[in-house]
Amino acid sequence: MLVAELNGGRIDAFSAERGPTYNCPKCRGEVVLKKGRKIVHHFAHKPPTDCTWATGETRAHMEAKILVSNALKVRGLRAEVEFIVNTLPGDRRADVMAWSPKGLQIAFELQHTSIGLDEIERRASSYASAGIAQIWIPFLKSNVWDEGVPRHGGWFIERYSPRTFERWVHGFNGKNGMWMYDPKDKAFWLGRLAGHQSYVEETTWYSEGGEENYGGGFWKYSKRFKELTLEGPYGAEDLLIKVSSRRAFSTSGYNWPAARIANLVPA
Ligand SMILES: [Zn+2]
């Protein structure tokens, strides 16, 4: 984690010094400051612990939170990593919270790991009810670089199997597309999913009476695969935030709440 408690206040690992006793904002257990030239400065629980905030954090996720919050601060905006929103279900931390000059809150959810549909829908509804604008940014998996090809100055993956939450995010953002983060180059890409068609080969066979039958010979849309087009890369400093609103919508598989959504726009 990047933020701990000290004397009842919040302190981030970058500003913290060795010496004082720091505590986890959730379980109040003691956490140790980890600082070094080659590591992302952070706090770690003293073992043993059963705190849910002690597990599952990757270096790439911590780096992404720092990158986004720094880019916002450079623009003069207030930004906080791991900001606690008391009404959020589950883990009550927004990865990064920003404040627009007019005071509108904007939550960044940097999604390194998969998240269940129920959980993402509950979280999104909670942000929406609180009037907080939100943006969900899935991390790109390294296989998109192996399986894709350059196209129109960007990148194209013909057979991409989106994770369920990515389908949700894409639908949530509507025509804006879906911003994705490449942890290796620390860059952002604007992704768009489109139907992937595969050709069903034509076949001929004869029935018992000697009658000739035909099948196949057509294109059909795949349920599992989509085409993914990536536009980019963009550095965090190249992107501006634009907030808009969307209406509620449900299909048989997905529920999207009416919400304020934040979109990134190349500067
Ligand atoms: Zn804890």
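Which residues coordinate the zinc ion?

## The zinc site

In this predicted model, the job falls to Cys 24, Cys 27, His 45 and Cys 51. The cysteines each offer their SG atom and the histidine its NE2, with distances running from 2.1 to 2.3 Å.

Look at the geometry next: the 4 donor atoms make angles of 101 to 120°, and the site counts as tetrahedral. If you want to pick the donors out of the sequence, their spacing reads C-x2-C-x17-H-x5-C.

## Two domains

The protein chain splits into two parts: domain 1 covers 1–57, while domain 2 takes in 58–192 + 221–266. On the domain side of the contact, 12 residues come from domain 1 and 15 residues from domain 2.

As for spacing, the centres of domain 1 and domain 2, worked out over C-alpha atoms, sit 26 Å apart. Put together, domain 1 and domain 2 bury about 1,300 Å² between them, and carbon and sulfur atoms account for 58% of that.

## What holds hands across the interface

Now for the polar side of things. The interface of domain 1 and domain 2 has 2 salt bridges by the rule used here. There are also 9 residue pairs in polar contact across it, counting pairs with both residues at pLDDT 80 or more.

What is the class make-up on the side of domain 1 that touches domain 2? Here you'll find 7 nonpolar, 2 polar and 3 charged residues.

Elsewhere on the list of salt bridges to look up, try Glu 80 and Arg 10: their side chains meet with an N to O distance of 2.9 Å.

Methods:
Residues are numbered from 1 along each chain as its sequence is written. This is a predicted model: local features need pLDDT of at least 70, side-chain atom pairs count only at pLDDT 80 or more; totals for chains, interfaces and linings use all residues. Side-chain values use heavy atoms; hydrogens and water are left out. Domain bounds come from an automatic or database domain assignment. Contact means heavy atoms within 4.5 Å. Buried area is the accessible area (1.4 Å probe) that two parts lose on being put together, summed over both. A salt bridge is a side-chain nitrogen of Lys or Arg within 4 Å of a carboxyl oxygen of Asp or Glu. A polar contact is a pair of N or O atoms within 3.5 Å; within protein, one must be able to donate a hydrogen and the other to accept it, and residues adjacent in sequence count only if both atoms are side-chain atoms. Ala, Val, Leu, Ile, Met, Phe, Trp, Tyr, Cys and Pro count as nonpolar, Asp, Glu, Lys and Arg as charged, and the others, Gly among them, as polar. Donors are N, O and S atoms within 2.8 Å of the metal (3.2 Å for Na, K and Ca); water is not among the atoms, so sites may look incomplete. Four donors count as tetrahedral if all angles lie between 85 and 135 degrees; four count as square planar and six as octahedral if opposite donors are over 155 degrees apart and all others between 65 and 115; anything else is irregular.
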